[in-house]
Amino acid sequence: MAAERGSSERERLLQHRRRKRFQKLNEVQHNHNMRLLVSVLIALTFLIMGVIGYMVNSVFGTMFSNGNESSSEGLLYPRESETREVKKLDGMWNFVRSDSNNPSQGLREKWFSDDLSRFKRTIQMPVPSSYNDVTEDAALRDHVGTVWYDRRFFVPKSWGAQDQRVFVRFGSVHYDTIVWINGIQVAKHEIGHLPFEADISTELKYGAENRITVLCDNVLLQVTVPQGKVQNQPVDGGVELVQTYTFDFFNYAGIHRSVMLYTVPRVFIRDVVVNTDLVGDEGHIYYSVKSNLNGSYQDLQATVKIIDKNGSVVATDTTAGADLKGVVLVKNVKPWWPYLMHEEPGYLYNMEVTLEGKSNEATKPLGEIHDVYRMKVGVRTLEWTNTSLLINGRPIYFRGFGRHEDSDIRGKGLDYALLTKDFNLLKWVGANAYRTSHYPYSEESMQFADEHGIMIIDECPSVDTE
């Protein structure tokens, strides 16, 4: 009996051990299967992320490279005159944020063909401003991809006259932009801190309401200035796009500077280039005037007048022919001096350029006036040695800061109150210069610097380039 009990106990023990081993084998097989499944899922996830990344770069790359790119050559700042009118489109625009994973949806569905509100719910967005900090939506602040703007505006019937043209001009849109007027594409531009414009004379409805639509893409890639990368970050329910870059400022985006319509005559001044020199107490202002005829028309002449702050004409010069170049000599000139180097720093003359038909002194002392443009000019020299930088022959010591255009709420949006405060602070602290960090600043900021006698160290915009 004892032997039978002992045999029975051993049998139960062996069965228990077999059950344990079987359970262990099952657990090992289960773990192996789970690890295999996880490995497959991870591989699949990376494959999907890679495909999405490829598609994103392909879509954004295509958006950067296709279309009628606008030229930044010869962009005179819009100013009113006897022959030119200016109308600003600043204010509240309609705004739509695209899905980051579907950035080209609006292009495929042709959102530019009608009011944006026909396709998506819109919100109001101030122009100029960055869109990132205006709302309380964190997703909009960190948005990667495209956004859309539109608004309606009227154009005077008089602008439709045969003897003039109408341009639309953007001070800056960051980063890549496409513009439509009444559903017709008129411009494409990239590099988000430079102005661009387009002739829209044939796309406008004169004496009627018009629609302007803007696509803005903030994505930075290896081919942009500055550079960046778009990475795919796993989140609950899929992946999201994350913009990465190595520079030390936030990638604010949107319509950052003013949007203007302006008119010019059919024959107009396209560009004015100015260089200055000082010879004793005489100022030499070398100028080159370019018309839209590109030197192909010989019967043109340009008259240049230099006017002081009292409104007196202090010098005049006239040139004629295809190459409109010359020099204006200003007696007893008042040079442009930096702040704190002279009792009247930042002295600027008004330069009036008149483009007219060539005169015949015998029968017609003055030709037909085509265009008039005015700009401010300071007369100064700049030179350097191994030890000094010289303004008007005198060594200068730079006192100032590295600036950014960033500010709360408006981001990089142009703000005259903010510009005024910044320049008042610069002068209050005794500064005479600042360094741009790290992109082209607004034309208005440069004009402020000229007026206040502030020097600018203009930095290369391609920061942290790989």
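Strands, such as the one called β12 in this tour, are DSSP runs of E that are at least two residues in length, and they are numbered from the N terminus. The structure open in your viewer is a predicted model, and the tour goes through its pockets, its nonpolar cores and its cavities.

**Start with the confidence**

Colour the protein chain by pLDDT, for which the mean is 87, with 81% of the residues reaching 70 or more. Then select residues 2-6, where pLDDT stays under 50 and where the model has zero contacts beyond four places in sequence. Select residues 45-66 next, since the pLDDT is below 50 over this stretch as well, although the model gives the stretch 35 contacts beyond near neighbours in sequence.

**The largest pocket**

Select Lys-376, Arg-380, Met-446, Gln-447 and Asp-450, which are the lining residues that lie nearest the centre of the largest pocket. The whole lining is made up of 43 residues, and the space inside the largest pocket comes to about 1,600 Å³. To see which parts of the chain build this wall, show β15 (269-279), β21 (369-377), β23 (389-391), α5 (443-452) and β27 (455-457), each of which supplies at least two residues of the lining. If you colour the lining of the largest pocket by class, you will find 25 nonpolar, eight polar and 10 charged residues.

**The second largest pocket**

Move on to Ala-139, Asp-142, His-143, Val-144 and Leu-241, which lie nearest the centre of the second largest pocket, among the 18 residues that line it. The volume of this second largest pocket is about 370 Å³. Which element gives the most to its lining? Strand β12 does, with four residues, and when you select β12 (238-244), add α3 (138-141), because each of the two supplies at least two lining residues. By class, this lining has six nonpolar, seven polar and five charged residues.

**Two nonpolar cores**

Now select Trp-93, Tyr-149, Phe-170, Ile-212 and Ile-255, the residues with the most contacts inside the largest nonpolar core, which has 31 residues. Strand β4 (residues 146-155) gives the most to this core, namely four residues. Centre the view on Trp-93 and look for the residues it touches beyond four places away in sequence, including Ile-123, Met-125, Val-127, Tyr-149, Ile-212, Val-214, Ile-255 and Val-259. Gln-124, Asp-150 and Arg-151 are also among the residues that Trp-93 touches. A second, separate core has 27 residues, and you can find it by selecting Leu-76, Tyr-77, Ile-285 and Leu-300, which are among its members.

**The cavities**

How many cavities of 30 Å³ or more does the structure hold? There are three, and the tour visits two of them. For the largest cavity, with about 130 Å³ of space, select Arg-403, Glu-405, Gly-413, Leu-418 and Leu-419, the closest to its centre of the 13 residues that line it. Helix α4 (residues 416-428) provides the largest share of this lining, three residues, and the lining as a whole divides into three nonpolar, four polar and six charged residues.

Finish at the second largest cavity, which has a volume of about 70 Å³. Among the residues that line it are His-174, His-193, Phe-247, Phe-249, Phe-250, Tyr-252 and Tyr-439, and you can add Leu-220, Pro-226, Asn-251 and Lys-412 to the selection, as they belong to this lining too. Coloured by class, the lining of the second largest cavity shows seven nonpolar residues, three polar and one charged.

Notes: Residues are numbered from 1 along each chain as its sequence is written. This is a predicted model: local features need pLDDT of at least 70, side-chain atom pairs count only at pLDDT 80 or more; totals for chains, interfaces and linings use all residues. Side-chain values use heavy atoms; hydrogens and water are left out. pLDDT is the predictor's confidence in each residue, from 0 to 100. Contact means heavy atoms within 4.5 Å. On a 1 Å grid over the protein atoms alone, a cavity is a set of points where a 1.4 Å probe fits but cannot get out, and a pocket is an open set with protein on both sides within 12 Å along at least five of seven lines; lining residues have an atom within 4 Å of a point. Grid points are joined across faces, edges and corners, and a volume is the space filled by probe spheres set on the points. Ala, Val, Leu, Ile, Met, Phe, Trp, Tyr, Cys and Pro count as nonpolar, Asp, Glu, Lys and Arg as charged, and the others, Gly among them, as polar. A nonpolar core is a set of buried Ala, Val, Leu, Ile, Met, Phe, Trp, Tyr and Cys residues joined through side-chain atoms within 4.5 Å. Buried means under 20% relative accessible area, exposed over 50%, partly exposed in between (1.4 Å probe, protein chains only).
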